[in-house]
There are 2 protein chains.
Amino acid sequence: MTVTPDIAEIGFIGLGIMGQNMALHLQRAGYRLHVYNRTKSRAGSLIAGGAYWHDSPGAVAANADVVITMVGYPADVEEIYLGDDAIVANAREEAYLIDMTTSEPSLAVRIAEAAKARGLHALDAPVSGGEMGARDARLSIMVGGAQEDFDAVEPLFDIIGENIRLQGGPGAGQHTKMCNQIVVAGTMLAIAEGLTYAENFGLDPTEVLDSIGTGAAQSFLLTALGPKMISGDFTPGFFVHHFIKDMGIALKEVEKIGIQLPALRTAEGLYKKIAAEGAREEGTQALIKAYRRT
Amino acid sequence: MTVTPDIAEIGFIGLGIMGQNMALHLQRAGYRLHVYNRTKSRAGSLIAGGAYWHDSPGAVAANADVVITMVGYPADVEEIYLGDDAIVANAREEAYLIDMTTSEPSLAVRIAEAAKARGLHALDAPVSGGEMGARDARLSIMVGGAQEDFDAVEPLFDIIGENIRLQGGPGAGQHTKMCNQIVVAGTMLAIAEGLTYAENFGLDPTEVLDSIGTGAAQSFLLTALGPKMISGDFTPGFFVHHFIKDMGIALKEVEKIGIQLPALRTAEGLYKKIAAEGAREEGTQALIKAYRRT
């Protein structure tokens with residue numbers, strides 16, 4: 001791992017569970033961090049480790065060679081990049097702007113264009129791997145942008161992830177993440193329906209998982225979330241409301257070009273149903289609730 | 001692995017790709033085989049190895065301590081077990097009858113009752129793992145029946161599989177296999193939809209698989225069949241028409257008790273569509289065709 005010598009100061013905006021873990025790895029690797037988060041208390045351990053707090057995204061950008069963002073919704077991304085006192089308007093000359101939020105491909109394109117107009121380098125780089133992947137620096141990072149920009153910041157990606165790929169121009173990282181979320185959505189339906197069958201026909205669902213988990217039905221999600229569906233442990237690993245956001249982005253994209261993805265559509269409908277019934281802040285394994293008769 | 005001493009002669013009916021491989025393992029383990037298949041030529045290598053050919057399922061049953069069946073459709077299972085000159089009517093006293101076909105749970109119950117009435121021991125024991133699992137003796141075997149009957153023939157299961165579980169009484173093996181097929185159906189939708197998105201948004205689907213195949217979207221099927229979907233290699237591992245049969249059984253069961261499994265329903269519809277358009281004898285990865293605009 002080589003570190004680009006002229007990157008010393010990194011701005012990090014968005015210190016949720018994912019962002020905090022990612023920022024911590026960069027701090028431990030020796031970079032000086034400039035941080036901002038809507039809730040300042042979440043920056044505590046980073047500040048204790050030497051990070052500088054700033055009161056706005058623009059102020060972070062003014063102090064950093066690279067700005068990394070990991071926020072919640074596309075509207076947040078738009079505000080911190082393109083709003084008043086925002087990143088693009090305040091960034092240092094030639095700075096790299098990396099949005100790692102799962103967000104809209106078309107917004108990534110707009111940010112890339114606005115950045116380019118100011119001589120900045122923008123990349124969209126959403127991740128997969130969840131809290132555990134962030135903590136263990138084993139994230140998959142799906143990148144959209146220019147090859148030379150990717151090359152320049154790849155050493156930073158190497159610090160927080162391990163499967164790092166440039167997928168195309170601006171927006172391609174987000175599109176790739178949409179593929180990931182579409183596969184996840186269908187797989188969640190698959191698991192919930194298989195377990196629903198088991199429960200309804202008097203089988204022991206745990207024994208069923210033990211039988212089917214090693215063959216053609218095997219998946220990361222079956223192993224990770226199947227047992228939680230069975231036991232009713234809906235503690236969030238990945239929030240229902242964030243997943244609904246992601247599926248909404250994907251559906252908006254496919255509607256634009258007129259293709260049908262019925263499993264994705266079904267998954268979004270069922271997740272909205274359980275969200276309306278109180279599962280917004282639960283983990284995605286709460287999908288099983290949509291199948292259980294009350 | 002201990003071999004029950006009073007099982008010496010095994011009848012094996014149904015010598016397709018799966019059945020031939022399973023029978024071969026039993027022959028190599030030292031059992032004398034009695035075989036029948038609709039197409040006699042498929043018995044060639046087993047006969048060369050010392051197996052006895054018989055002209056009917058009933059004749060096989062009359063010569064065996066254990067009869068194993070691995071045929072195509074529930075109608076075949078019903079005919080060879082319950083028809084004239086069939087297994088139940090001709091089996092030796094106290095014989096074990098093991099149907100390893102993926103078939104209807106309710107038929108498994110009927111066979112078990114008919115067997116019991118004659119003092120025979122029936123088990124339903126469908127498998128997962130496909131041709132490779134059968135060849136390598138690494139099948140998952142999902143068993144329904146009485147504990148003592150399972151215990152008596154488990155040494156035989158150990159010869160052909162490695163994840164072998166009694167899931168409950170008669171029919172429970174078939175119900176467990178339905179869970180497996182439901183999870184497979186949803187996962188196939190997931191993969192086909194994710195790749196459809198990739199293809200439609202100008203991504204390199206192979207690069208996308210490399211990005212998403214190690215994280216939350218990971219599954220056996222994504223790795224095994226995703227590349228075949230991309231390259232258009234529809235060579236059958238598991239036939240479309242067999243999968244349609246399995247999904248039909250599962251849907252018939254869930255209709256009986258009034259639960260909704262929308263992903264399973266969607267998968268069945270799309271598979272029937274591609275089957276009608278010529279993909280009956282192709283592998284299940286041909287699902288991608290249902291999403292490609294022609």
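In the predicted model, Glu268(A) is buried, with a relative accessible area of 11%. This value falls below the 20% limit that defines burial. Glu268(A) belongs to helix H13 of chain A, which spans residues 262-279. Beyond its neighbours within four places in sequence, Glu268(A) is in contact with Met247(A), Gly248(A) and Leu251(A). One of these residues, Met247(A), is 21 residues from Glu268(A) along the chain, and the C-alpha atoms of the two are separated by 6.2 Å.

Met247(A) is also among the contacts of Tyr271(A). With neighbours within four places in sequence left aside, Tyr271(A) further touches Met188(A), Val240(A), Phe243(A), Ile244(A), Thr284(A) and Leu287(A). The largest nonpolar core comprises 102 residues, and those with the most contacts inside it are Tyr271 and Leu287 of chain A together with Tyr271(B) and Leu287(B). A second core, separate from this one, has 56 residues, including Ala122(B), Ala134(B), Ile141(B) and Phe157(B). In soluble globular proteins, nonpolar side chains tend to be buried together.

The relation between the two chains was examined by superposition. Chain A is superposed on chain B by a rotation of 180° with 0.0 Å of shift along its axis, at an RMSD of 0.1 Å. The two copies are therefore related as by a two-fold rotation axis. Ser219(A) is the residue of chain A that comes closest to the rotation axis, its C-alpha atom lying at 1.9 Å. Of the interface residues of chain A, 100% are also interface residues in chain B, so the copies meet through the same surface.

Several parallel strand pairings were found in chain B. Strand S1 (residues 9-13) of chain B pairs in the parallel sense with S4(B) over four bridges, and Ile10(B) stands opposite Val66(B) in S4(B). Strand S4 of chain B covers residues 66-69; Val66(B) and Ile68(B) point one way, Val67(B) and Thr69(B) point the other way, and all are buried. In a regular strand the side chains alternate between the two faces of the sheet. S4(B) also pairs with S5(B), again in the parallel sense and over four bridges. In this pairing, Asp99(B) in S5(B) is the bridge partner of Thr69(B).

Asp99(B) has a further bridge partner, Asp124(B) in S6(B). Strand S5 (residues 96-99) of chain B and S6(B) run parallel and are joined by four bridges. Between these strands the chain passes through helix H6 (residues 105-117) of chain B, in a right-handed β-α-β crossover from S5(B) to S6(B). Strand S6 (residues 121-124) of chain B is covered on both faces, with His121(B) and Leu123(B) buried on one side and Ala122(B) and Asp124(B) buried on the other. Ala122(B) is also a member of the second nonpolar core.

Another parallel pairing in chain B links strand S8 (residues 139-144) to strand S9 (residues 161-168) over six bridges. Within this pairing, Leu139(B) stands opposite Gly161(B) in S9(B). The chain reaches S9(B) from S8(B) through helix H8 (residues 147-160) of chain B, and this β-α-β crossover is right-handed.

In chain A, Ile160(A) is found in helix H8, residues 147-160. Ile160(A) is buried, with a relative accessible area of 1%. Its contacts, leaving aside neighbours within four places in sequence, are Met22(A), His25(A), Leu26(A), Met100(A), Gly133(A), Ala137(A), Arg138(A), Leu139(A) and Ile141(A). Ile160(A) and Ser140(A), which are 20 residues apart in sequence, are 9.1 Å apart from C-alpha to C-alpha.

Helix H4 (residues 74-82) of chain B has as its buried residues Pro74(B), Asp76(B), Val77(B), Ile80(B) and Tyr81(B). These cover an arc of only 155° around the axis, and so they lie on the same side of H4(B). Ala75(B) and Glu79(B), on the other side of H4(B), are exposed.

Backbone dihedrals were also considered. Most residues other than glycine have a negative phi. Asp85(A), although not a glycine, has a positive phi of about 50°. Asp85(A) is placed in the loop between helix H4 (74-82) and helix H5 (87-90) of chain A and is partly exposed, with a relative accessible area of 45%. Glu94(A), likewise not a glycine, has a positive phi of about 65°. Glu94(A) is located in the loop between H5 and strand S5 (96-99) of chain A, and at 46% relative accessibility Glu94(A) counts as partly exposed.

Conventions. Residues are numbered from 1 along each chain as its sequence is written. Chains are lettered from A and ligands numbered from 1 in the order in which they are written. This is a predicted model: local features need pLDDT of at least 70, side-chain atom pairs count only at pLDDT 80 or more; totals for chains, interfaces and linings use all residues. Side-chain values use heavy atoms; hydrogens and water are left out. A nonpolar core is a set of buried Ala, Val, Leu, Ile, Met, Phe, Trp, Tyr and Cys residues joined through side-chain atoms within 4.5 Å. Buried means under 20% relative accessible area, exposed over 50%, partly exposed in between (1.4 Å probe, protein chains only). Contact means heavy atoms within 4.5 Å. Copies are superposed by least squares on the C-alpha atoms of residues with pLDDT of at least 70 in both. Two strands pair if DSSP finds at least two bridges between them. Helices (H or I, at least four residues) and strands (E, at least two) are DSSP runs, numbered from the N terminus. A crossover is right-handed if, with the strands pointing away from the viewer, the path from the first strand over the helix to the second runs clockwise. The arc is that of the directions from the helix axis to the C-beta atoms.
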